[in-house]
There are 4 protein chains.
Amino acid sequence: MTDAAKLRALMASSPFHDFLGLELLDLDPAGPSVTLGAKWRPGFERELGSKQWHGGVLAAVIDIAGAYAAFAKTGRGLPTVDLRIDYMRPAIDTDLRAEAKALRTGRTLGTVDVALRDKNGAIVAAGRGTYFTQTVSA
Amino acid sequence: MTDAAKLRALMASSPFHDFLGLELLDLDPAGPSVTLGAKWRPGFERELGSKQWHGGVLAAVIDIAGAYAAFAKTGRGLPTVDLRIDYMRPAIDTDLRAEAKALRTGRTLGTVDVALRDKNGAIVAAGRGTYFTQTVSA
Amino acid sequence: MTDAAKLRALMASSPFHDFLGLELLDLDPAGPSVTLGAKWRPGFERELGSKQWHGGVLAAVIDIAGAYAAFAKTGRGLPTVDLRIDYMRPAIDTDLRAEAKALRTGRTLGTVDVALRDKNGAIVAAGRGTYFTQTVSA
Amino acid sequence: MTDAAKLRALMASSPFHDFLGLELLDLDPAGPSVTLGAKWRPGFERELGSKQWHGGVLAAVIDIAGAYAAFAKTGRGLPTVDLRIDYMRPAIDTDLRAEAKALRTGRTLGTVDVALRDKNGAIVAAGRGTYFTQTVSA
């Protein structure tokens with residue numbers, strides 16, 4: 001089974017991922033990097049009728065994309081140590097694309113950058129996370 | 001209408017909040033601070049059968065609690081500028097309590113600390129966010 | 001040699017700490033927590049004649065206090081993984097006090113909160129850092 | 001006076017910048033972006049004889065480079081709201097280069113990315129900061 005197939009299986013096994021309905025668009029172990037697609041759903045709405053993505057949903061998509069870039073390197077699903085998100089502009093009535101690329105992956109930890117873009121390619125939110133890359137407990 | 005009633009109405013108007021099923025336990029304009037309750041649901045699960053909260057859901061609950069502490073001061077729902085989360089321990093088979101307290105609220109920005117605790121009071125994740133407290137666009 | 005004596009020796013061995021002129025006011029292995037004093041010096045000035053601490057100096061003091069709270073637990077000087085700082089108000093014509101307390105120390109990583117206070121006790125900047133608590137390389 | 005000349009004058013007016021000995025290598029208002037050079041000095045040392053840059057000095061260089069990218073847009077020196085730094089690898093016996101580029105500059109706030117690189121071009125630390133771009137107090 002390829003890494004992409006393993007990751008799709010991992011994604012399918014999570015009830016919360018199922019709610020988010022994410023799609024794996026690209027996985028590159030050499031980056032390591034991952035690109036996810038996230039389609040707009042009314043359940044993600046900040047205020048009823050606004051068609052604006054709730055910031056908490058954006059945070060979740062960023063966390064997942066970052067973890068998968070670490071996965072692209074290690075082939076295992078590993079926990080987030082910490083996560084930081086800068087919100088740039090509202091995401092309204094748009095599908096999203098999360099581009100996650102590791103700045104560095106070490107023996108214990110990896111640091112990943114995530115750019116969340118709207119349908120026009122503009123950055124909606126920028127994330128940076130630290131992820132475990134080993135399996136010992138923290 | 002009291003601020004707590006206004007905030008409950010605001011919470012009820014968001015489809016994503018509805019998914020999260022948050023409950024307002026306390027609002028103190030003097031803090032300003034807010035405490036939310038979040039009940040465990042299978043839809044929040046990281047891996048099927050694990051009963052572990054997905055980190056993305058934790059991020060969303062922290063973002064919302066922080067925004068509401070800013071609301072407790074201003075009486076308005078205002079956007080997140082940036083958000084940082086440190087994951088401390090897995091939250092498994094537990095309801096959660098999010099305690100948000102502003103470190104500072106200025107004319108333009110506020111900084112809020114959020115402690116997310118499990119049913120035993122242990123910190124599951126610690127958040128810190130910067131929120132707008134004025135209504136001009138960023 | 002007590003941990004406080006070991007830490008004072010560690011502080012004395014660093015040329016940059018010497019520039020900062022920090023003083024160890026308290027070390028509590030049970031926290032673990034550490035309090036440092038930082039006396040105002042003209043060399044820390046943001047703009048000539050402003051008597052305002054440069055934000056970069058505040059960042060350095062916060063980083064060091066956080067690392068020492070991890071030291072208070074482990075008895076060793078260990079590297080910073082990442083650091084976040086929220087600037088609350090200008091620190092002008094004042095000595096400072098850095099109070100660092102670990103939120104959690106695990107086998108691999110620790111998370112530390114640092115409150116930097118002016119002579120009136122007001123928070124000038126709030127820091128949070130992740131530090132290694134084991135000796136393996138990252 | 002060009003923006004680069006104004007920025008050099010601003011840099012020269014700060015006693016702490018004088019300690020750091022930073023050099024402006026590039027300023028591009030269109031980015032907006034700024035590149036600074038930082039030459040190794042024994043006073044920056046973490047431990048005596050290690051030739052390793054202290055993480056607190058790296059934090060200061062990143063803060064300054066980020067603020068100057070905001071300056072490259074506005075022509076004014078404006079305060080840091082918050083700052084985050086991920087330490088990637090030790091910087092030992094090397095000069096440094098700080099490349100700061102705004103991800104976004106709005107009417108009130110700007111978000112800036114800073115890559116701190118050693119003499120081989122490897123990333124030593126990655127920073128991201130939020131800076132005021134207006135002159136009202138926070």
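User: What turn lays chain A on chain B, and what kind of axis does that give?
Analyst: This is a predicted model, where local features need pLDDT of at least 70, side-chain atom pairs count only at pLDDT 80 or more, and totals for chains, interfaces and linings use all residues. Residues are numbered from 1 along each chain as its sequence is written, while chains are lettered from A and ligands numbered from 1 in the order in which they are written. Chain A is laid on chain B with an RMSD of 0.0 Å by a turn of 180 degrees and a shift of 0.0 Å along the axis, the fit being by least squares on C-alpha atoms of residues with pLDDT of at least 70 in both copies. That is the relation of a two-fold axis.

User: Which residue of chain A has the C-alpha nearest the axis?
Analyst: The axis is the one that relates chain A to chain B. At 2.1 Å from it, the nearest C-alpha of chain A is that of R84(A).

User: In what order do the 12 strands of the open sheet follow one another, and which are the edge strands?
Analyst: Strands are DSSP runs (E, at least two residues), numbered from the N terminus, and two of them pair if DSSP finds at least two bridges between them. The antiparallel order is β1(A)-β2(A)-β4(A)-β5(A)-β6(A)-β3(A)-β3(B)-β6(B)-β5(B)-β4(B)-β2(B)-β1(B). Pairing on one side only, the edge strands are β1 (22–28) of chain A and β1 (22–28) of chain B.

User: Which residue is the bridge partner of E23(B) in β2(B)?
Analyst: Strands β1(B) and β2(B) (residues 33–38) run antiparallel and are joined by six bridges. In β2(B), E23(B) has as its bridge partner G37(B).

User: Which element gives the largest share of the side of chain A that touches chain D?
Analyst: Residues are in contact if their C-beta atoms, placed from the backbone, lie within 7 Å, and 10 residues from chain A and 10 residues from chain D take part. On the chain A side, β3, β4 and β6 each give two or more residues. The largest share, four residues, comes from β6(A).

User: Which residues touch the most other members of the largest nonpolar core?
Analyst: Such a core joins buried Ala, Val, Leu, Ile, Met, Phe, Trp, Tyr and Cys residues through C-beta atoms within 7 Å, buried meaning 20 or more other C-beta atoms within 10 Å of the residue's own, these atoms being placed from the backbone. Not counting residues up to four places away in sequence, V61(B) touches L20(B), L22(B), L36(B), A38(B), L96(B), A98(B) and L116(B). Of the 180 residues in this core, those touching the most other members are V61(A), V61(B), V61(C) and V61(D).

How values were computed. Contact = placed C-beta atoms within 7 Å. Buried ≥ 20, exposed ≤ 12 C-beta atoms within 10 Å, placed from the backbone.
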